Amino acid sequence: MTKEKTPSAPPAEPPTGFNLNEFNSTTALTEKQRLEDDEEYHPFEHREVAKPFSTGGALAHLLKSSLGTGILAMPMAFKNAGLLFGGIGTVVVGFLCTYCVHILVKTSHDVCKKGRIPLLGFAETVGKVFELGPVPLQRFSNAARLFVDYALMATYYSAGCVYIVFIATSFAKVVNYELELGWDVRIWIALMFVPVWVMGQIRELKYLVPFSAIANLFIVITFGVTLYFMFNVELEFHDKPLFSSFAQLPLFFSTVIFAMEGIGVVMPVENTMRKPQHFLGCPGVLNTAMITVIVLYAVMGFFGYVRFGDIVEGSITLNLPQDQVVAQVAQILIALAILFTFGLQFYVPMDILWRKIQDRIPKEKHNISQIAIRTGIILIMSAIAAAVPNLEPFISLVGALFFSTLGLLVPAVVETVFKWPNALGPFKLLFVKNIIVGVFAIFALVSGSIVSIQEIVEIYRGEGEDH
């Protein structure tokens, strides 16, 4: 063992303005630091969260991130798949989404241990994986992090556009009928700007918990009413196909992926849990939430399609009888539930954007800048919603274009890079598995986008002919 040399003289004082804490060299580790490095690092023990979530609060947020407009679109998804294929496909996609979230969170934990970091967000996890990964890929670490950041923003702003269309369509259905108005849904999108704007001004995740709880209550009530109208007549199964057609499958997969994916909310929720070790495992927050989601989606999709058949709309609540007060109440409640959920969906991209620009804005102007930026973005989202005010193709397009990339493709790539080349299991089975996941994600991305855009074009052609 080499004996350490004792310095002959005390080290010189550092130059004025030099901060030793900013110098990251590891060539002068003390013996205490070396002993710490030899010990296993536990990220959860080093997390300091000012306002942590309880396990129940984390479960509520995760459920709300997956139980939005998508579950009400499941009967439409089954219309595009058929009863048998729709049921099997929903379980398979649900398992796949859960698995991809699991490998993302597990990889994030492993990266935190390896890098001795308390916690990492989605984009930071991806960037750090490339930074600590194979040498040829290390130069792409910043690009990978930026890609996820901007993709997350695009994903959740797009999902917010779908929410606006849903809220406006639900109110239009009820109020237009009751007051005998013929107002176009675009007028209702404009009217919904103020309540959507109010929800978009909430800046802390903790303050969204009461809204999530109220939204969950409204959703349960709406489920009850919807189930009543689904089963209040004799169901006819004989005229519903077990399998629709291959041409319609991209719309099915895109809709289910949109409905189930909450990948952008996962890391913020897990990182702010009081007991993050409860997130994974059995039963765990993730497994509990996703099993609940899969069962609800399958039931709503299967029986909703059986009840309403090919006339089923982008949200099954829009098929409820207009002359029934209970049905109208359910439509209003689900619109309010989605409105209260908007704040949670809007939180993710705004948090990313604000972290990127806040240092460029004087501190005394932070508040007014936040208000102005949020107002401008919600205006743009409302304009996009007015441009494509049709739920069915809009949901499929967002699911195909964004959620398949972030929810399926990115976790598969991240795990492969982190474990490359010596931790891929026997015969590199993990690599083969992730290739299969990646191929499915690309299939959903390409085919779903093409079919959804074709449907949007057809709708515009139809509107042009009507005028």
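Is Met76 buried or exposed? In this predicted model, Met76 comes out buried, with a relative accessible area of just 3%. The residue belongs to helix α4, which covers residues 74-79. Leaving out neighbours within four places in sequence, Met76 is in contact with Thr255, Val312, Glu313, Gly314 and Glu392. Gly309 also turns up in the picture: Met76 and Gly309 are 233 residues apart in sequence, yet their C-alpha atoms are 8.9 Å apart in space.

Ser449 offers another look at a covered position, this time in helix α18 (residues 429-466). Its relative accessible area is 9%, and because the cut-off for buried is under 20%, Ser449 counts as buried. Once residues up to four places away in sequence are set aside, Ser449 touches Leu397, Ala400, Leu401 and Ala444.

Next come the pockets. The largest one has a volume of about 710 Å³. Its lining takes in 29 residues, and the closest to the pocket centre are Pro268, Thr272, Tyr347, Asp351 and Arg355. As for where the lining comes from, at least two residues each are supplied by α6 (122-132), α8 (141-178), α13 (263-271), α15 (325-357) and α16 (366-387). Helix α15 chips in the most, with seven residues. Sorted by chemistry, the lining splits into 15 nonpolar residues, nine charged ones and five polar ones.

One of those pocket-lining helices, α6, is itself mostly covered, with eight of its eleven residues buried. The buried set in α6 is Phe122, Ala123, Thr125, Val126, Gly127, Lys128, Val129 and Phe130. So what do the buried residues of α6 pack against? Their partners are α5, α7 (135-138), α8, α13 and α17 (391-419).

Aromatic rings are another recurring theme. The count comes to 21 aromatic pairs. Among them is the pair of Phe85 and Phe253, which is edge-to-face, at 6.1 Å centre to centre and 80° between the planes. Phe85 sits in helix α5 (residues 83-115) and Phe253 in helix α12 (residues 249-260), so this pair ties together parts that are 168 residues apart in sequence. The two partners differ in how covered they are: Phe85 is partly exposed, with a relative accessible area of 28%, whereas Phe253 is buried at 10%. For Trp183 and Trp188, the ring centres are 5.6 Å apart and the planes meet at 45°, so that pair is tilted. Here, too, one partner is partly exposed, namely Trp183 with a relative accessible area of 39%, while Trp188 counts as buried at 7% relative accessibility.

Phe85 and Phe253 also show up together in an aromatic cluster, joined there by Phe243, Phe246, Phe252, Phe440 and Phe443.

Finally, a couple of lysines are placed over rings. The charged end of Lys356 sits over the ring of Tyr150, 5.2 Å from the ring centre. Likewise, Lys428 has its charged end over the ring of Trp420, 5.5 Å from the centre of that ring.

Conventions:
Residues are numbered from 1 along each chain as its sequence is written. This is a predicted model: local features need pLDDT of at least 70, side-chain atom pairs count only at pLDDT 80 or more; totals for chains, interfaces and linings use all residues. Side-chain values use heavy atoms; hydrogens and water are left out. On a 1 Å grid over the protein atoms alone, a cavity is a set of points where a 1.4 Å probe fits but cannot get out, and a pocket is an open set with protein on both sides within 12 Å along at least five of seven lines; lining residues have an atom within 4 Å of a point. Grid points are joined across faces, edges and corners, and a volume is the space filled by probe spheres set on the points. Helices (H or I, at least four residues) and strands (E, at least two) are DSSP runs, numbered from the N terminus. Ala, Val, Leu, Ile, Met, Phe, Trp, Tyr, Cys and Pro count as nonpolar, Asp, Glu, Lys and Arg as charged, and the others, Gly among them, as polar. Rings of Phe, Tyr and Trp (its six-membered ring) pair if their centres lie within 6.5 Å; planes under 30 degrees apart count as stacked, over 60 as edge-to-face and the rest as tilted. Buried means under 20% relative accessible area, exposed over 50%, partly exposed in between (1.4 Å probe, protein chains only). A charge sits over a ring if NZ of Lys or CZ of Arg is within 6 Å of the ring centre and within 35 degrees of the ring normal. Contact means heavy atoms within 4.5 Å.
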